[in-house]
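Subject: A structure for you to look at

Hi there,

Here is the structure I promised to pass on. Please open it and have a look around, then read my notes below.

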Amino acid sequence: MQLKLSDICRRVALAYDDGLDLTIHGVNALDAAGPSELAFAEAQTPAAEVAASRAGAIVVAHGFDGMPGRRLLSSPNPRLTFVKISELFLVPEPFTGVDPRAAIDPSALLGEGVGIGPCAVVGASASIGARTRIGPGAVIGPGVCIGADCLIGPNVSVLAQARVGDRCTLHAGTTVGGDGFGFIWAGDHHHKVPQLGTVSIEDDVEIGCNSCVDRATFGTTRIGCGTKIDNLVQVAHNVDVGEHVILVSQAGLAGSVTLGRGAMLSGQVAVTDHVRVGAGARIGGQSGVTADVDAGAVLFGTPARPLKQAFREQAALARLPELLKTVRRQEAAIASLERRLRALEGHSGPAPAAIESAD
Amino acid sequence: MQLKLSDICRRVALAYDDGLDLTIHGVNALDAAGPSELAFAEAQTPAAEVAASRAGAIVVAHGFDGMPGRRLLSSPNPRLTFVKISELFLVPEPFTGVDPRAAIDPSALLGEGVGIGPCAVVGASASIGARTRIGPGAVIGPGVCIGADCLIGPNVSVLAQARVGDRCTLHAGTTVGGDGFGFIWAGDHHHKVPQLGTVSIEDDVEIGCNSCVDRATFGTTRIGCGTKIDNLVQVAHNVDVGEHVILVSQAGLAGSVTLGRGAMLSGQVAVTDHVRVGAGARIGGQSGVTADVDAGAVLFGTPARPLKQAFREQAALARLPELLKTVRRQEAAIASLERRLRALEGHSGPAPAAIESAD
Amino acid sequence: MQLKLSDICRRVALAYDDGLDLTIHGVNALDAAGPSELAFAEAQTPAAEVAASRAGAIVVAHGFDGMPGRRLLSSPNPRLTFVKISELFLVPEPFTGVDPRAAIDPSALLGEGVGIGPCAVVGASASIGARTRIGPGAVIGPGVCIGADCLIGPNVSVLAQARVGDRCTLHAGTTVGGDGFGFIWAGDHHHKVPQLGTVSIEDDVEIGCNSCVDRATFGTTRIGCGTKIDNLVQVAHNVDVGEHVILVSQAGLAGSVTLGRGAMLSGQVAVTDHVRVGAGARIGGQSGVTADVDAGAVLFGTPARPLKQAFREQAALARLPELLKTVRRQEAAIASLERRLRALEGHSGPAPAAIESAD
């Protein structure tokens with residue numbers, strides 16, 4: 001694939017006044033891009049790194065000084081501009097329609113332009129929106145409703161009459177609508193709590209590979225509009241994930257957790273059941289959130305506490321072995337002072353009783 | 001689906017003496033149930049929440065006071081009664097028999113009433129017990145033996161001639177019988193230790209989505225009767241999980257771990273290889289169990305230690321930054337006392353040498 | 001399966017001078033092996049355990065003393081010898097060729113002796129090397145290139161034109177080539193960063209069940225030659241894993257992490273994005289690596305620090321609640337000393353001002 005630099009600039013609304021119209025074959029990182037590739041630099045990228053790049057063209061921040069021999073394209077947001085240029089180089093998979101080796105129930109409804117790969121399975125009364133692609137081996141259960149312009153990866157399973165909005169992506173191996181994990185002890189065995197609810201995945205959600213979103217016990221497990229979920233993430237039954245939330249790989253949400261709009265959970269974070277995390281809260285990697293979190297809070301550690309407090313405690317902990325020695329030394333010093341003081345008191349007579357009794 | 005309230009009560013052995021026979025369309029949480037839904041309240045649920053519920057009928061504990069205008073059904077165990085009522089509303093998937101698009105080896109044995117979805121694969125000499133359902137895309141390897149009344153979800157893989165008991169559920173994407181992770185360093189590379197063993201999953205086991213149970217190196221990885229495993233859980237080779245164990249999401253058991261009957265491991269717990277966890281032990285979320293655990297112990301933290309100790313240490317840690325300051329202040333105070341005492345000793349003559357030398 | 005002991009010894013180059021030629025049916029652990037099975041003992045295995053074993057033959061270290069009635073086979077490396085004997089008992093799956101129910105694009109290239117299971121899917125222009133086996137339900141995407149003598153498990157997905165070397169094993173449910181998790185905030189939503197790169201898995205790599213290796217944003221996510229990865233492991237976009245690395249179950253590497261040759265990460269370890277871990281470094285279970293790690297370092301904890309330091313801190317933490325009491329007691333003792341000293345100073349006159357002001 002190749003594009004003229006002038007075309008690229010026109011399509012992302014960048015000024016372009018260079019007479020020589022380079023042919024660009026792709027995008028790459030600043031330090032890896034070659035003469036026919038386009039790269040970008042952040043406002044804070046050192047000028048030396050820009051100068052050292054072999055990239056054919058570089059998107060830079062407004063105000064970045066000109067640099068002889070470098071073809072610089074000025075943008076108010078170089079990273080976003082670069083992302084939009086990258087999109088021009090995405091090669092869409094060829095449309096192959098509905099593969100005859102897919103198993104599609106006759107009662108399923110398929111929108112216009114739907115693509116379904118070989119060995120995919122679409123159950124009774126399921127509906128697939130226009131232009132949605134279902135990967136090979138994916139299983140869309142009975143009654144599931146998937147919106148338009150979605151990508152459902154290979155070997156994905158969507159069950160429990162889940163609803164998936166428009167423009168969603170579910171990557172390979174992910175499961176939506178598995179049973180919630182609910183049992184009650186019945187004297188001699190764990191008795192299963194029937195899982196009767198469903199899952200609602202709103203518009204513009206992306207879920208990575210091999211993640212799990214369980215159906216609700218009753219009601220709905222919800223993934224809010226615009227939320228992005230990484231690989232191997234666990235979302236338990238009756239969780240309510242707000243809009244534009246970020247869940248990084250291997251994070252886990254226990255039952256009935258609520259995450260406010262724009263919350264960000266780093267990798268391997270765990271949230272205890274029924275906990276409410278406020279809008280915009282940010283939780284550091286591997287933290288264990290065991291109590292409600294205020295909107296905008298920044299937490300770290302297990303149990304999760306304010307990041308600054310956690311760092312202060314961590315720094316203090318590193319000094320603890322030394323502190324133990326210091327205190328032991330002080331014990332001896334105090335004992336010595338006590339003895340010497342008593343000796344002096346013997347010379348001088350006892351200290352006044354009124355003060356001594358305050359011990 | 002709808003049921004008469006009188007029918008519901010009869011089927012779960014609840015007294016019912018209300019003349020007006022309500023039609024119930026489903027079950028729901030106390031605060032979400034509508035007038036045609038049934039809910040329940042725990043013994044400790046505040047009466048005000050019961051009063052505020054719009055539920056058409058509410059299962060309550062014996063002794064719960066009558067409430068005008070509320071239709072209350074009295075039970076010795078409201079939650080269990082409610083679960084049994086919920087089961088009445090489970091809609092069984094229609095039986096569709098063996099799909100012609102499934103790939104079933106001619107040597108496989110299928111019990112009476114077996115259901116197999118499209119694109120499922122059953123290998124040579126595998127056997128599937130009566131009424132067991134195999135989901136679309138599931139792979140049952142050669143020689144695998146699955147009992148009666150099981151549910152095997154979509155895209156599950158069962159390998160290594162594993163045996164699965166009766167009434168087991170394996171949810172979507174789970175793998176049973178993958179190779180154990182065993183290598184020995186052979187001077188210039190990791191040499192694979194052949195994994196020759198198998199897996200035995202006993203009766204009434206449930207395993208969530210995208211979990212992994214590895215085959216033994218030799219012998220058997222065992223999941224005991226009645227054990228319940230959540231999503232994304234790792235069970236390594238040669239692990240022995242006892243009966244009625246609970247493994248919450250993203251927990252991981254290293255090779256040759258033993259879990260006693262009724263042990264409960266919360267989310268993201270890790271257990272080091274060869275560790276033995278006693279019957280009924282409970283391990284808090286994200287803990288790392290690095291040594292054997294007594295039966296009935298309640299542990300938390302990494303490394304896991306008694307819960308009370310872990311909490312006490314955590315509380316103490318929060319006070320550590322302040323403690324560091326206190327001790328620094330004491331250092332100064334002791335030095336000052338020392339100087340002043342020495343000054344006094346100069347006035348009064350030295351303290352007795354015999355005492356002083358004890359420092 | 002059964003082998004003559006003399007044959008076994010000949011094939012692994014062990015001396016064998018026993019007249020009686022036992023028939024061996026398999027291998028097993030020392031304490032579980034029966035009279036027709038072969039076991040091994042480490043150099044440090046207590047002689048009593050060897051004596052108590054019922055094994056028909058036991059591989060022991062050179063120098064292990066003879067033991068009446070035990071058939072001992074002497075080896076410089078008993079474990080490696082045992083592993084090689086185990087390999088003799090591996091039953092190769094029967095070769096079944098390309099199943100007619102697999103969906104193979106006509107443009108795909110299949111090497112000699114390739115085996116492909118039912119309901120597997122091989123995309124356009126994909127190539128599969130000689131003797132490689134593709135399990136049932138596996139999906140090999142368009143343009144993917146897999147080497148010779150590989151095993152691709154059931155329901156595996158390989159995408160993004162990934163390259164897989166020779167003699168690699170990808171176990172059931174694993175995904176290779178899912179999109180990296182990259183988004184930038186565009187004022188009112190997370191804007192997806194196009195993921196244009198690929199994955200390169202070099203020779204002799206093994207990846208467990210339900211793990212994920214994401215494609216690079218641009219460029220390549222690399223898994224070095226001889227590296228072994230366990231189940232449920234996350235490898236994010238642009239990660240560079242060196243040769244002969246070990247990643248134990250549920251470990252997670254964030255974007256652009258670099259792992260040096262021979263590094264070993266235990267279970268549930270997390271590594272922050274862009275961190276470089278040196279060759280041969282070893283990271284203890286559940287650790288969180290937040291900064292670059294020197295070659296050969298041994299770290300533990302979150303944040304990861306030298307193992308000895310982490311243990312020292314842990315031991316000190318256990319003494320912290322007591323320390324708090326000690327320091328509180330010291331506060332009182334110092335206050336008492338202060339009062340008594342002041343009383344004495346009243347008797348003897350003030351201490352010299354020059355010293356006192358140093359407080």
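**Where chain C meets chain A**

About 5300 Å² is buried between chain C and chain A, and carbon and sulfur atoms give 66% of that area. Please keep in mind that this is a predicted model. On the chain C side, the residues that lose the most area to chain A are C:F181, C:F218 and C:R340, together 14% of what that side buries.

In terms of contacts, 63 residues of chain A are touched by 72 residues of chain C. By class, those on the chain C side comprise 35 nonpolar, 26 polar and 11 charged residues.

Which charged pair could you look up as an example? Try C:R340 again: this residue forms a salt bridge with A:E345, with the closest N and O atoms 2.8 Å apart. There are four salt bridges between the two chains, and 25 residue pairs are in polar contact.

Several elements of chain C supply at least two residues each to this side, among them β19 (175–178), β20 (183–185) and α4 (307–348). The helix α4(C) gives the most, with 23 residues.

**A sheet in chain A**

Chain A also holds an open sheet of 11 strands with mixed pairing, running in order from β9 to β38. Its edge strands are β9 (115–116) and β38 (305–306), each of which pairs on one side only. Strand β9(A) runs parallel to β12 (residues 133–134) of chain A, and two bridges join them. To find one, start at A:G115, whose bridge partner in β12(A) is A:R133.

Happy exploring!

Note on methods
Residues are numbered from 1 along each chain as its sequence is written. Chains are lettered from A and ligands numbered from 1 in the order in which they are written. This is a predicted model: local features need pLDDT of at least 70, side-chain atom pairs count only at pLDDT 80 or more; totals for chains, interfaces and linings use all residues. Side-chain values use heavy atoms; hydrogens and water are left out. Two strands pair if DSSP finds at least two bridges between them. Helices (H or I, at least four residues) and strands (E, at least two) are DSSP runs, numbered from the N terminus. Contact means heavy atoms within 4.5 Å. Buried area is the accessible area (1.4 Å probe) that two parts lose on being put together, summed over both. A salt bridge is a side-chain nitrogen of Lys or Arg within 4 Å of a carboxyl oxygen of Asp or Glu. A polar contact is a pair of N or O atoms within 3.5 Å; within protein, one must be able to donate a hydrogen and the other to accept it, and residues adjacent in sequence count only if both atoms are side-chain atoms. Ala, Val, Leu, Ile, Met, Phe, Trp, Tyr, Cys and Pro count as nonpolar, Asp, Glu, Lys and Arg as charged, and the others, Gly among them, as polar.
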